Amino acid sequence: MKNKLFSLLVIALLSTSCSNSTRRSDMLLRDVYKDYFSIGAAFNDGSIPVPMDDEEAVVDDGLYNHFNSLTCENDMKWEKIHPSEYVYDYEKADKYVEFAKTHNMGVRGHALVWYRALPGYMNKSKIHDKETLLLKEKEHIDNVVEHFGDSVYCWDVVNEVISDSEDEIITDENAYRQDDFWYELSGKEYILKAFEYADAKLKELGIREKVKLFYNDYDNTKPVKKAKTMHMLNWLLEANCPIDGIGLQCHYNMGSFVKDELESAIVDYSSLGLEVQITEFDVDIYDETPSMAIEESYDILGAPEKILDAQATIYDHAFKIFRKHKDKISNVTFWGIRDNNTYMNDPTEFVGHAGPNFPYIFDIFGEKKPAFYVIADYED
Ligand code: GLA
């Protein structure tokens, strides 16, 4: 009897240590999610251990190994790779593509057309008619799509053209952003054209099936913005637009995450036959709604535990939904890697709360946060 009790104890101890040693949070996130979708991150100069231009190399903490998809946070945007009318500068973007290749990552191309990342020559005072605008659009898309070829597995062809106003009845007039001179000059046509230009170039290169074409936006899980987006997508699809997918940026803060909205957006967009990707996921630890009223700024070293746990709950709920709809979702990308390197701490980039922010799954020291543990050690 004594012996039997002893062996039971040994078995119990062994199985605990065994389950500890096989915790998924000890694995790379890309492996944890290998049967679900690829796991991506936005990379910038502070993310990878190669010197860009004359900058110093950052410490190689290896955290990038968790990801098998890379998005350039800024370095494939129009203003960066096509800074003056007859000059393309691919040097930096190419370094990221090279880095991705040597680390077995795919590259999400971001973004061909975005009104907020244009150089001086692409502005209202320089371009006065639709013909010139479409010519410039085609020239840019042709050059960029050809340069990267199938080194990217998809493009955000058009970024953020849907308006944020809360309208009850959706029309073309209120669906699209009106503060955009592209819309002023061409109406919605430039959106369709962007996809057609990219599609034609990929076909000419014989790589159309290797590169998917996406529309990408923020807040497109919210009901009114979703209705406007569906309005645009239905029009595009009726016009035989060569669009393959939709990107849901999913920039959340502590008060803005609504489970049901996220889930029904994934289902609704996918019902149009589009592939869904979560392209810029992060959770701002502050709250713009009065409900949680988190007013104070936190210490630059990290937020209090209760805040990080609340943040982890949002990650947990979102990833439950992503896993449930893995048949519709092909990639989930975080808009950064470590909390020490976030656009949310750059007042020129971010219009939210002006405090130190901690939106990601690794803290400023590169340690795993509660958010990492909940998405790795999930129970469903
Ligand atoms: C949008 C863009 C991104 C990035 C973020 C952060 O989401 O798609 O490229 O600039 O804004 O400001």
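Strands E3 and E4 (residues 154-159) make a good place to start: the two pair in the parallel sense over four bridges. One contact to look for is between Val 113 and Val 158, its bridge partner in E4. Bear in mind as you look around that this is a predicted model. Between the two strands, helix H5 (residues 130-148) completes the picture, since E3, H5 and E4 make a right-handed β-α-β unit.

Now turn to the pairing of E3 with strand E2 (residues 69-72). E2 and E3 also run parallel, joined by three bridges. Here you can find Leu 70, whose bridge partner in E3 is Val 107. E3 itself, spanning residues 106-113, is mostly covered, with seven of its eight residues buried.

Two places within E3 deserve a closer look. The first stop is Arg 108, which sits in this strand. Is Arg 108 buried or exposed? Its relative accessible area is 1%, under the 20% cut-off, so Arg 108 counts as buried. The side chain of Arg 108 has a polar partner: it makes a contact of 2.7 Å with the side chain of Gln 277. The other stop is the peptide bond between His 110 and Ala 111, which is cis, with omega at about -5 degrees. Ala 111 belongs to E3 as well.

Let us move on to the loops around helix H9 (223-238). Asp 219 lies in the loop between strand E5 (212-217) and H9. Although Asp 219 is not a glycine, its phi is positive, at about 55 degrees. With a relative accessible area of 26%, Asp 219 is partly exposed. Asn 240 is found in the loop between H9 and strand E6 (245-248). Asn 240 is not a glycine either, yet has a positive phi of about 60 degrees. The relative accessible area of Asn 240 is 66%, so this residue counts as exposed.

Further along the chain, helix H11 (residues 305-324) contains Lys 320. Lys 320 is partly exposed, at 38% relative accessibility. Although Lys 320 and Val 374 are 54 residues apart along the chain, 9.9 Å separates their C-alpha atoms.

Our tour ends at the surface. Which residues make the nonpolar surface patch of about 350 Å²? They are Ile 300, Leu 301 and Phe 365. Phe 365 comes from the loop between strand E9 (329-334) and helix H12 (370-376). Phe 365 is exposed because its relative accessible area, 53%, is over the 50% cut-off.

Methods. Residues numbered from 1 in each chain as written. Predicted model: local features only at pLDDT ≥ 70, side-chain atom pairs only at ≥ 80, totals over all residues. Heavy atoms only, no water. Patch = residues over 30% accessible without salt bridge, like charges linked within 9 Å, V, L, I, M, F, W, Y side chains within 5 Å. Areas by Shrake-Rupley, 256 points an atom, 1.4 Å probe, with all protein chains shown as cover. Salt bridge = Lys/Arg side-chain N within 4 Å of Asp/Glu carboxyl O. Buried < 20%, exposed > 50% of the residue type's maximum accessible area, 1.4 Å probe, protein only. Pairing = 2+ DSSP bridges. Right-handed = clockwise from strand over helix to strand, strands pointing away. Polar contact = N/O pair within 3.5 Å; in protein donor to acceptor, adjacent residues only side chain to side chain.
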